[in-house]
Amino acid sequence: LPLLLETTLLQLASGSYHPFYNGFYYNHLMNDKGNGQEKVDHFNGVRLVVETPKDPVYSSSGANVTLPCHYHFEPNTEAKRKIRIKWSKLRDDYTKEQDVLVAIGKTSIAFGDFLGRAHLRQASGHEASLVVSDVRLQDGGKYRCEVIDGLEDESDVVDLHLRGIVFPYQPLRGQYRLNFHEAEQVCQEQGAILATFNQLFQAWSEGLDWCNAGWLADGTVQYPIRLPRKPCGGLHLAPGIRSYGPRHRHLHRFDAFCFSSGLRGEVFYLEHPTGMTLEEAKQSCQDAGAEIARVGQLYSAWKFLGLDRCDAGWLADGSVRYPITKPRANCGPAEPGVRSFGFPSKGRFGVFCYKER
């Protein structure tokens with residue numbers, strides 16, 4: 001077998017041999033100038049073209065989304081071809097992160113987290129669009145649509161953006177207590193994931209100003225500043241995202257920037273004439289057929305559902321907060337936001353509950 005493979009490769013290198021006919025012709029010309037340059041491939045046949053949207057596709061958690069992808073041949077050919085389609089999720093540097101789906105004809109298979117959630121939409125003869133149902137927070141990012149026809153392999157990239165909100169988070173133990181892996185964990189516990197740089201940048205452009213440094217999904221530590229000031233990088237720096245660069249994921253400790261998207265349910269407030277302890281608050285939510293809300297759920301309800309409540313309430317992590325969309329007297333600062341009372345060890349409050357629809 002190795003000898004046969006070597007013989008085949010030698011034949012492919014010869015200038016008079018066409019290795020495989022599938023509508024694509026290549027003339028292989030050896031450089032004879034003696035300057036050490038590689039051979040040049042001259043194309044003189046049908047060209048495969050793959051096209052995806054140049055603008056991002058937007059969706060939110062729990063929704064269904066279609067990532068468009070179409071292909072065609074130049075010049076156009078009506079001959080039936082056995083096309084193979086492959087979708088992959090990419091890292092920000094465009095290297096492959098994970099396989100999503102592979103299809104040949106009407107047969108396809110999805111992989112990993114996309115099993116049962118991803119399928120092809122082939123409404124037209126040259127469509128290879130990917131449909132993802134029940135979108136999850138970690139689904140945001142770049143996707144490569146790859147079309148393979150024999151020896152031809154062309155691809156293009158679709159960028160999926162989730163509509164969401166970035167919020168800074170520090171645990172009960174206080175400021176700068178989380179290594180990277182602990183930051184990932186606390187965001188997940190709050191119904192969120194670690195934010196990407198692009199998500200933090202979008203939040204900064206919408207007004208987020210936070211002087212404490214926090215982990216991002218790529219292992220860097222950064223923080224957004226709208227109003228330059230001495231404790232936050234100095235007065236001489238312009239507004240922007242301050243960066244500590246990559247940090248040691250086990251040894252270094254900071255806060256976290258978490259990202260949450262839309263909700264599949266509702267957040268509502270329960271009160272008691274004398275208030276409730278944390279345990280009583282959890283039980284009250286259960287009695288109402290719900291669960292005590294997480295921090296990410298409260299932020300999402302504030303941003304996407306306009307939740308406005310000037311009453312402090314317990315959340316699942318033991319913190320006490322309240323959301324304000326219409327600032328007014330006795331409800332905190334003059335800007336909209338989610339106010340925090342921290343993690344009180346004593347006191348009786350209402351509770352924010354979350355219930356799936």
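Six strands line up in an open sheet of mixed pairing, ordered S4-S13-S12-S7-S8-S9; here strands are DSSP runs of E with at least two residues, numbered from the N terminus, and two of them pair if DSSP finds at least two bridges between them. The edges belong to strand S4 (57-59) and strand S9 (107-110), each with a single partner strand, so one side of each has no neighbour in the sheet. On average, neighbouring strands of this sheet are turned by 25 degrees against each other, direction ignored; the axes are lines fitted to C-alpha atoms, and angles run from 0 to 180 degrees between N-to-C directions.

The model is a predicted one, in which local features need pLDDT of at least 70, side-chain atom pairs count only at pLDDT 80 or more, and totals for chains, interfaces and linings use all residues. Residues are numbered from 1 along each chain as its sequence is written, and side-chain values use heavy atoms, with hydrogens and water left out.

At one end of the six-strand order, strand S8 (residues 96-104) runs antiparallel to S9, and four bridges join the two. Within this pairing, Leu 101 sits opposite Ala 110 of S9.

There is also an open sheet of three strands, this one with antiparallel pairing and the order S5-S11-S10. Strand S5 (65-67) and strand S10 (118-121) take the edges with a single partner strand each, so one side of each is left without a neighbour in the sheet. From one strand to the next, the twist averages 30 degrees. S10 pairs with strand S11 (residues 129-132) over four bridges, in the antiparallel sense, and Ala 118 has Val 132 in S11 as its bridge partner.
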